[in-house]
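Please walk me through this structure, taking its strands, its helices and its metal site in turn.

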Amino acid sequence: MKSQSSLKHCYRLLLVLLLTLPGSVAYAHDRNLLIAAARVFDGYTLRSDAAVLISEGKVVRIDSREAFNDSDAPRLELGDATLLPGFIELHAHLSYQHVPADTVLRHGITTVRDVGGPLHQPYGGDGSLRLMTSGPIITAPAGYPISNLGETDIAMPVADAQQARQAVRKLVAGGAVVIKVALEPGGEAGAPWSGGHTHAHSHAPHSKTHDKPRSWPMLAPAVLAAIVDEAHLLGRRVAAHLAEPKGAQLALDAGVDEWAHAPCDSLPDAQLQRAAAQQVRIVGTIDTLSKCPGVSSNVRRLAELGAEFLYGAEIAHPDIPWGIDGQELLYLQHLAGMAPLDVLRTATAKAGQYLNVPLLGSLLPGAPADLIAVRGDPTQKLKLLEYPDLVMSGGKLIINYFEN
Ligand SMILES: [Zn+2]
């Protein structure tokens, strides 16, 4: 009996050793794993001294540490650390700008929604970055971003309502999870696409960002209305690139669901009020647009009016880290006036619900085992989230720098 139990002990030690090797991926995907930490944020609330049991790529149970005392699952003890769901970035251009998906994953983003780039069905989430896309941006002939890039496969120009509906159907059939439109006349001071600053879209060889006075063509109201109607018929939201009052007016009149940026120019209060009343979701990209004079006042006022913000930092923009952007989180806290826990909810469970993927962005039973851990308490210091020491995707360990 004694030798059997010491053999078992040896086996456990070996397992613990394998599990705790820095960067080790020795943990078998189909086996149980218990991860315990001083704090666990489950996408909604922060629990103390809790643990998450993972099996076959999913969370099967979340409970207090003691509740798992009898569990024989291998245990990864993180100590004074915080376990959270992997973050969800809602405004990126990974594929178009060739940002390595693995780098983004290692830095805490486990799901990306690309909004402007090659179209494909959603994929990943099983040890690789989960990637969803809008495909190309629908715009007016010669409209933004064709205005900057020339003919490009990241834009789909439409001239009338019939072409608009066809474009939406084609995108949805190809896997688009959202329809992106551009409503951009150009010329906003401080905007990356205005040429004073390099935009993610402007690295292409045909970039013409130094052209001066602009009035780029925009979608006609009837064409935009057709896009919104067709997208809604097919169960997709419409997200608009807009940055100033003309684009905002078009979007509000057509019932566009989401603004892909906080607007760059200061908008009239009536438009901000309408946006809040129509429950338009605002993807911040506040860090990317930090040189725009109107962004802070728009964000403060929209927050005051109760508008809902979503986390998107525009990964692939030259200023933005290839992972969680601590600065964007801080802007949500200080400009949008969100409590740190609300900031965390926005980038996790709220985003998962918005993407209609059941339980994505949470650590509740049944959720995909996409999780990250950082040392310390990120509700005291959001910047810590830029430095995850553990990342798991679909139950597969991607990095693990914790040592037991
Ligand atoms: Zn963008």
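**From a hairpin to a zinc site**

S2 and S3 form a hairpin in which two residues lie between the strands, and Glu56, in the turn, has a positive phi of about 50°. As everywhere in what follows, this description refers to a predicted model. Strand S2 covers residues 46-55 and strand S3 residues 58-64, and the two pair in the antiparallel sense over six bridges. Within this pairing, Val52 stands opposite Ile62 in S3. Ahead of the hairpin, Thr45 is found in the loop between strand S1 (33-41) and S2. Thr45 has a relative accessible area of 39% and is therefore classed as partly exposed, since that category lies between the 20% limit for buried and the 50% limit for exposed. Although Thr45 and Leu344 are 299 residues apart along the chain, their C-alpha atoms are separated by 9.5 Å.

The strand S1 that precedes this loop leads to another set of pairings. S1 and S5 run parallel and are joined by two bridges, with Arg39 standing opposite Thr82 in S5. Strand S5 (residues 81-85) is mostly covered, five of its five residues being buried. S5 also pairs with strand S16 (residues 371-375), to which five bridges join it in the antiparallel sense; here the bridge partner of Leu84 is Ile372 in S16. In general, strands of a sheet pair through backbone hydrogen bonds, in either the parallel or the antiparallel sense.

A separate open sheet is formed by three strands in the order S6-S7-S8, with parallel pairing. S6 and strand S8 (130-133) stand at the edges of this sheet, and because each has a single partner strand, one side of each is left without a neighbour in the sheet. From one strand to the next, the twist averages 20°. Strand S7 (residues 109-114) pairs with S8 in the parallel sense over four bridges, and one of the residue pairs involved is Thr111 with its bridge partner Arg130 in S8.

From the sheet we can turn to the metal. Which residues coordinate the zinc ion? The donors are His91 and His93, each through NE2, together with Glu314 through OE, at 2.1 to 2.2 Å. Along the sequence these donor residues follow the spacing H-x1-H-x220-E. His93 lies in the loop between strand S6 (87-92) and helix H2 (94-97), whereas Glu314 lies in the loop between strand S15 (308-310) and helix H10 (326-334), so the pair ties together parts that are 221 residues apart in sequence. Are these two residues buried or exposed? His93 has a relative accessible area of 0% and is buried, and Glu314, at 0% relative accessibility, likewise counts as buried; in both cases the value is under 20%, which is why the term applies.

Glu314 is also notable for its backbone, as its phi is near 70°, a positive value in a residue other than glycine. Most residues other than glycine have a negative phi, and most peptide bonds are trans. His98 likewise has a positive phi, of about 55°, although it is not a glycine. His98 lies in the loop between H2 and helix H3 (101-106) and, at 68% relative accessibility, counts as exposed because this value is over 50%. As for the peptide bonds, a cis one joins Tyr144 and Pro145, with omega about 5°. Pro145 is located in the loop between strand S9 (137-139) and helix H4 (146-149).

The last stop is a pair of helices. Two packed helices are described by the angle between their axes and the distance between the axes. For helix H7 (residues 245-254) and helix H8 (residues 269-277), the packing angle is about 35° and the axes lie 11 Å apart, in a crossing that is left-handed. On the H7 side the contact involves Pro245, Ala248, Gln249, Leu252 and Asp253, which meet Gln271, Arg274 and Ala275 in H8. By character, the residues of this contact of H7 with H8 divide into four nonpolar, two polar and two charged.

Note on methods
Residues numbered from 1 in each chain as written. Predicted model: local features only at pLDDT ≥ 70, side-chain atom pairs only at ≥ 80, totals over all residues. Heavy atoms only, no water. Pairing = 2+ DSSP bridges. Axes fitted to C-alpha atoms, helices over the stretch in contact; angles between N-to-C directions. Left-handed = near helix turned anticlockwise from the far one by under 90°. Contact = heavy atoms within 4.5 Å. Nonpolar A, V, L, I, M, F, W, Y, C, P; charged D, E, K, R; others polar. Donors = N, O, S within 2.8 Å, 3.2 Å for Na, K, Ca; no water. Buried < 20%, exposed > 50% of the residue type's maximum accessible area, 1.4 Å probe, protein only.
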